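Subject: The model you asked for

Hi,

Here is the structure, handed over as promised. Have a look at it first, then read on for my notes.

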Amino acid sequence: MPNAIIIREYGNSATLVLEGIELSRPGPKEVQLQQTAIGVNYHDVYVRSGLYKTLALPGIPGCEATGIIEAVGSDVTNFRPGDRVAYVTGGYGAYASHRNIAASLVVPIPDDVSDEAAASNLLRAMTVEMLTAHVHRVTPDMTVLVHAAAGGVGRMLCQALAGLGAKAIGTVGSPEKAQIATENGCAYPILYRDIDFVKSVSDITEGAGVDVVYDSVGADTFAGSIEALAMCGHLVNFGQSSGPVDPIAMATLATKSLTVSRPILFHYLRDPNQYHAIADKVMRAFQSGTLKAPKPTPVPLNEAPKAHDTLESMTRGGSLVLIP
């Protein structure tokens, strides 16, 4: 019998409960998946805790997974049973053994990319592509500050920046994380617990500041990120692991003609053509090695609470996948 993790109330990881579900035949424009691996992301933690109230309760969390197509709807012509596919969705529902999903959301997985790697890194890689090519297009002459540079998105972001010829400065919490960031393309890791990152950025850039800051930390780093920007710089706040950011006065931005954006990946994926273009590009990047995905740690689906606890306690920026 198909089963899924159901959230019935916001709270800690104990709210993630495995229950049996009923699954109908796929609709005309849907495919039915037997899922093989499910990505576990901080977005899921924010949804579970109630920080993001974007999942109607009771509901099934999860934004990305891989699977094998078991059945296709009557209008689906580009996929067939047996195909290996992956998807990212803002509609949730990934924490399940089986599911129906719009055929327009699934993308083929290349033979040399594993289900586990795709399930745990497709959303991250698409986020990186959004950040560097759509929110603020990075060019080789730029100097960029990446917060949490050894984290899952951070290390992949440093890889992409290095590949684009940009100079990456990254904040990290320990010498071990500094090594991870360096191995992934970060030119200047900053141990932010020991050194004021704003002063370090000023020293590295000879007082000029950085062209763009990619900040997924939020409350703890936002003010410093503003200060670290160069004239006409751009702060991209794409997460809030330390808490939400307070409102900012327009006069603060005016001091250096700064811009601030708060992108949400799924808003950039609304256009099916753009969704598939981004997904195809990152799949090719995985194949070529331009983006290197860390090997994920598998966790059984029924141990989703353990996966969330592990994710929240991680110190090395690894990745997890739920296995139905």
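Below is what turned up, starting with the whole protein and moving on to single residues.

A word on ground rules. This is a predicted model, so to speak of local features I needed pLDDT of at least 70, side-chain atom pairs count only at pLDDT 80 or more, and totals for chains, interfaces and linings use all residues. Residues are numbered from 1 along each chain as its sequence is written, and side-chain values use heavy atoms, with hydrogens and water left out.

**The whole protein**

There are 10 helices and 15 strands (DSSP runs numbered from the N terminus: H or I of at least four residues for helices, E of at least two for strands). The radius of gyration is 20 Å, close to the 20 Å that the globule rule gives for 324 residues, so the protein is as compact as a globular protein of that length. That radius is taken over C-alpha atoms, and the rule is 2.2 Å times the number of residues to the power 0.38. Along the principal axes, the C-alpha atoms fill a box of roughly 60 × 40 × 35 Å.

Of the 324 residues, 53% are buried (under 20% relative accessible area, with exposed over 50% and partly exposed in between; 1.4 Å probe, protein chains only). Take the contacts (heavy atoms within 4.5 Å) between residues at least 6 apart in sequence: 69% of them join residues at least 24 apart.

As for charges, the mean positions of the 24 positive and 31 negative ones are 2 Å apart. Lys and Arg count as positive and Asp and Glu as negative, leaving out His and the chain ends; each charge is placed at NZ of Lys, CZ of Arg, CG of Asp or CD of Glu.

**Helix α1**

Six of the eight residues of α1 (residues 42–49) are buried, so this helix is largely enclosed by the rest of the structure. The six are H43, D44, V45, Y46, V47 and R48. What do they pack against? Their partners are the strands β1 (3–7), β2 (16–20) and β3 (30–39), plus the helices α8 (265–268) and α10 (304–313). Right after α1 comes G50, with a positive phi near 95°.

**Cysteines**

How many disulfides does a search of the whole structure find? Zero, taking a disulfide as a pair of cysteine sulfur atoms within 2.5 Å. For C158, the nearest cysteine sulfur is that of C186, 4.6 Å away. C158 is buried at a relative accessible area of 0%, and C186 counts as buried too, at 3%.

**Three residues to click on**

- I6 lies in strand β1 and is buried, with 8% relative accessible area. Its C-alpha is 4.9 Å from that of I60, although the two are 54 residues apart along the chain. Leaving out residues up to four places away in sequence, I6 touches T15, L16, V17, E19, I21, P58, G59 and I60.
- T127 sits in helix α2 (residues 115–135) and is buried, at 8%. With residues up to four places away again set aside, T127 touches V153, F238 and L265.
- V213 belongs to strand β11 (residues 210–215) and is buried at 0% relative accessibility. Beyond its neighbours within four places in sequence, V213 is in contact with L145, H147, S225, L229, H234, L235 and V236. The C-alpha atoms of V213 and A168 are 9.9 Å apart, with their positions 45 residues apart along the chain.

Cheers
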